[in-house]
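User: I am new to this structure and would be grateful for a close look at one part of it. Please give a single connected account once the sequence and structure have been shown.

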Amino acid sequence: MKRKLNILANGIFKENPVLILILGCCSVLAISITVSGALGMGAALTFVLVGANVVISLLRKIIPDKVRIPCYIVVIATFVTIVEMVVEAFLPSLYEALGVFLALIVVNCIVLGRAEMFANKNTVADSFFDGLGMGIGYTVVIVAIAVFRELIGSGTIWGYRIIPEGYQIGIVKQTPGGFFCFGAAMALLVYFMNKKGKKFDPRIGCDGKCGNCGLGCKNQEDNAALLAASDKEAAEV
Amino acid sequence: MSGAMKMLFILFTMVFTENYVLVQFLGICPFLGVSQRFDSSIGMSGAVIFVMTLASAATWAIYTYVMVPLGLEYLSTIIFILVIAALVQFVEIVLKRYIKPLYKSLGIYLPLITTNCAVLAVTLLNISESYSFLESCVDGFAAGVGFGLALVLFCGVRKSLERAKPPKCFEGLPITLMAAALTSMTFMGFTGIAEKLFG
């Protein structure tokens with residue numbers, strides 16, 4: 001049991017997917033405008049993560065290694081479609097607020113990353129807790145950023161007015177504010193970690209596992225190596 | 001609005017006022033990851049423009065001629081991501097076999113864009129905006145150009161950033177995000193221009 005709790009806590013704190021692993025930042029930046037939207041997005045992503053992790057872990061001995069990424073994508077896309085349908089039917093206002101980002105959970109680095117890094121080599125129960133922990137970790141960060149952006153940008157929290165109208169800084173809820181708040185949150189984390197004597201150097205990257213991020217990616221090194229090999233092959237022919 | 005004007009309108013809005021990266025937060029991972037070097041920004045932009053245009057065309061045709069007659073619209077997310085993945089593989093094979101120079105410059109970026117969220121987004125938005133075939137292609141092309149513009153501009157910003165000395169806790173990614181905030185602020189200046197220009 002202790003191991004399960006460790007896996008759960010790992011996703012929330014030590015390997016927080018947003019602030020430490022820096023995965024799936026698109027939706028964090030875009031959806032953190034309102035607290036209700038952020039919570040809905042967090043719940044949707046948690047559901048997909050848990051579902052995809054469990055199914056992929058169940059199938060980990062069946063899926064052939066060579067075509068594993070397409071297989072993962074199909075599993076993930078199935079869960080995303082379920083979420084899309086449920087949200088559209090029962091929470092139309094949330095569906096409106098999330099827009100295309102709900103469907104884009106399919107290509108969210110966190111889900112694919114956890115499938116590749118964790119679910120395909122761990123037991124079903126462990127994968128379940130890993131998905132849950134990662135989902136909660138994502139939700140905590142996106143809601144925290146959303147509280148700040150909604151309070152400063154719109155003067156409300158969960159729609160209740162806190163700062164009187166006319167005293168908002170509108171740019172915080174627009175695109176530049178998204179980048180700014182995310183950067184500031186990360187700088188804050190680095191500041192506190194440095195203060196505690198821990199070294200932490202945030203850099204973008206999916207540990208080479210998801211194919212979404214650009215440089216510094218093991219994936220890319222592999223691809224470059226493949227390219228070089230095929231060039232050599234072609235030259236020999 | 002006439003046909004040609006509508007195309008110009010789509011082109012203009014997707015590149016400037018509705019820029020995918022700097023206004024709509026799509027494709028942030030490659031934007032932050034690849035913009036360190038100029039040549040990689042150019043390579044990535046080329047690959048994205050290429051794949052986005054092709055993906056828009058392919059998914060539009062599949063949606064209109066296969067999915068709508070069979071009543072499978074609800075499967076669009078699953079089918080589109082598979083179409084994109086297959087298309088990227090196919091393009092890679094064709095380029096490798098027939099157009100070697102292009103493959104050399106775009107090759108390593110192609111696998112990376114299967115899961116670029118901007119590509120899936122443009123195909124889904126084409127359908128929800130109910131664009132015609134030609135409009136979808138223009139939309140995909142323009143979204144790619146907008147992505148490339150943001151990437152190349154931001155690459156220049158990052159070059160100057162390397163010489164700056166931010167506070168210790170801002171070093172690395174945080175200050176890059178701050179710079180992205182300022183870059184996206186410049187794109188806010190385009191707000192409203194499209195409506196004025198195209199009425």
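How many Å should the residues of helix 4 (residues 76-98) of chain B span at 1.5 Å a residue, and how far apart are its end C-alpha atoms? Please then follow its surroundings outward to the contact of chain A with chain B.

Analyst: The model is a predicted one. Helix 4 of chain B has 23 residues, which at 1.5 Å a residue should span 33 Å, and its end C-alpha atoms lie 32 Å apart, so the two values agree.

Several residues of this helix are buried, among them B:Ser76, B:Thr77, B:Phe80, B:Ile81 and B:Val83. Further along helix 4 of chain B, B:Ile84, B:Val88, B:Val91 and B:Leu95 are buried as well. An α-helix has 3.6 residues a turn, so residues three or four places apart point the same way. The cover over the buried residues of helix 4 of chain B comes from both chains: it includes helix 3 (38-70), helix 5 (100-106) and helix 6 of chain B, together with helix 4 and helix 6 of chain A.

One residue that meets this helix is B:Val51. Apart from neighbours within four places in sequence, B:Val51 is in contact with B:Leu87, B:Val88 and B:Val91, and also with B:Ile113 and B:Val119. B:Val51 belongs to the largest nonpolar core, which has 126 residues, and is listed with A:Val48, A:Ile76, A:Val106 and B:Leu120 as touching the most other members. Helix 3 (residues 35-58) of chain A gives the most to this core, with ten residues. In soluble globular proteins, nonpolar side chains tend to be buried together.

The next step is the contact of the two chains. Chain A brings 50 residues to it and chain B brings 44 residues. On the side of chain A that touches chain B, at least two residues each come from helix 2 (25-31), helix 4 (68-90), helix 6 (100-103), helix 7 (109-117), helix 9 (175-195) and helix 10 (218-236). Helix 9 of chain A gives the most to this side, with twelve residues. Sorted by class, the side of chain A that touches chain B holds 33 nonpolar, 14 polar and three charged residues.

Helix 9 of chain A packs against helix 8 (residues 173-188) of chain B at an angle of about 170 degrees, and the axes are 8 Å apart. Because of that angle, helix 9 of chain A is roughly antiparallel to helix 8 of chain B. From helix 9 of chain A, the residues that make the contact include A:Thr175, A:Phe179, A:Phe182, A:Met186 and A:Val190; from helix 8 of chain B, they include B:Leu173, B:Leu177, B:Ala181, B:Ser184 and B:Met188. By class, the residues of this helix contact comprise 15 nonpolar, three polar and no charged.

Two members of that contact, A:Thr175 and B:Ser184, lead to B:Val23. Leaving aside neighbours within four places in sequence, B:Val23 is in contact with A:Thr175, B:Glu18, B:Ser184 and B:Phe187. B:Val23 lies in the loop between helix 1 and helix 2 of chain B. B:Val23 counts as buried because 22 C-beta neighbours lie inside 10 Å, and the cut-off for a buried residue is 20 or more. Although B:Val23 and B:Phe190 are 167 residues apart along the chain, their C-alpha atoms are separated by 11 Å.

The loop that holds B:Val23 also holds B:Phe25. B:Phe25 has a positive phi of about 55 degrees although it is not a glycine, and B:Phe25 is buried, with 25 other C-beta atoms within 10 Å. B:Ser130, in the loop between helix 6 (117-128) and helix 7 (133-163) of chain B, likewise has a positive phi, near 45 degrees, without being a glycine. B:Ser130, however, counts as exposed, with 8 C-beta neighbours inside 10 Å.

Helix 1 of chain B contains B:Leu8. B:Leu8 is partly exposed, with 17 other C-beta atoms within 10 Å. The C-alpha atoms of B:Leu8 and B:Phe198 are 8.7 Å from each other, while the two residues are 190 residues apart along the chain.

Terms used: Residues numbered from 1 in each chain as written. Chains lettered and ligands numbered in written order. Predicted model: local features only at pLDDT ≥ 70, side-chain atom pairs only at ≥ 80, totals over all residues. Contact = placed C-beta atoms within 7 Å. Helix = DSSP H or I, 4+ residues; strand = E, 2+ residues; numbered from the N terminus. Nonpolar A, V, L, I, M, F, W, Y, C, P; charged D, E, K, R; others polar. Buried ≥ 20, exposed ≤ 12 C-beta atoms within 10 Å, placed from the backbone. Core = buried A, V, L, I, M, F, W, Y, C linked by C-beta atoms within 7 Å. Axes fitted to C-alpha atoms, helices over the stretch in contact; angles between N-to-C directions. Parallel < 35°, antiparallel > 145°, perpendicular 65-115°, else oblique. Expected span 1.5 Å × (residues − 1).
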